[in-house]
Amino acid sequence: MPELVQYYGTGRRKSAIARVYLRPGSGEFKVNGRAFEEYFVTPAQRSAAKSPLASTESAASFNVVVTAQGGGVRGQADAVKLGLARALMQFNAELRKKLKSEGMVSRDSRGKERKKYGQKGARKRFQFSKR
């Protein structure tokens, strides 16, 4: 039985985590068992998630299987972007320079700011009353 050839990358953004598997194939893209266009609805989410494949011009040569969880759909799209970039670097280390110049290699460490006491949220205050 032939060994399954696949490249793996984990992407994280805020509280979203995406496990990305790249397999040589025809360009099929599935996220959580659903079609890519069905899962990522807006054009911004789609372009963010597929940007590493577009910049390396390898969209048609891989089947992509993604398991995304946590956070919102936009955070998951950015997590998929990082996971794809890492999987592509595992496939070919020479792609790192191109991906790094476009800012796809580093994790976006910004997260949710904590709620402060005496306030309604992280920044929002309770309504001030003079009288």
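**Exercise 1.** State how much area the protein chain exposes and what share carbon and sulfur atoms supply.

*Solution.* The protein chain of this predicted model exposes about 8,600 Å² (Shrake-Rupley method, 1.4 Å probe). Carbon and sulfur atoms supply 52% of that area. As for burial, 35% of the 131 residues count as buried, that is, under 20% relative accessible area with a 1.4 Å probe, protein chains only.

The model is predicted, with local features needing pLDDT of at least 70 and side-chain atom pairs counting only at pLDDT 80 or more, while totals for chains, interfaces and linings use all residues. Residues are numbered from 1 along each chain as its sequence is written, and side-chain values use heavy atoms, leaving out hydrogens and water.

**Exercise 2.** List the elements of the protein chain from the N terminus on, and determine how spread out the chain is.

*Solution.* The chain has 4 helices and 5 strands (DSSP runs: H or I, at least four residues; E, at least two). Their order is β-β-β-β-α-α-β-α-α. The radius of gyration, taken over C-alpha atoms, is 18 Å, well over the 14 Å of the globule rule for 131 residues, so the chain is more spread out than a compact globule. That rule is 2.2 Å times the number of residues to the power 0.38.

**Exercise 3.** Describe the sheet and its edge strands.

*Solution.* The order in the open, mixed sheet is β1-β2-β5-β3-β4; strands pair if DSSP finds at least two bridges between them. The edge strands are β1 (7–13) and β4 (34–35). Strand β3 (residues 29–31) runs antiparallel to β4, joined by 2 bridges. Val31 has Arg34 in β4 as its bridge partner.

Methods
Buried means under 20% relative accessible area, exposed over 50%, partly exposed in between (1.4 Å probe, protein chains only).
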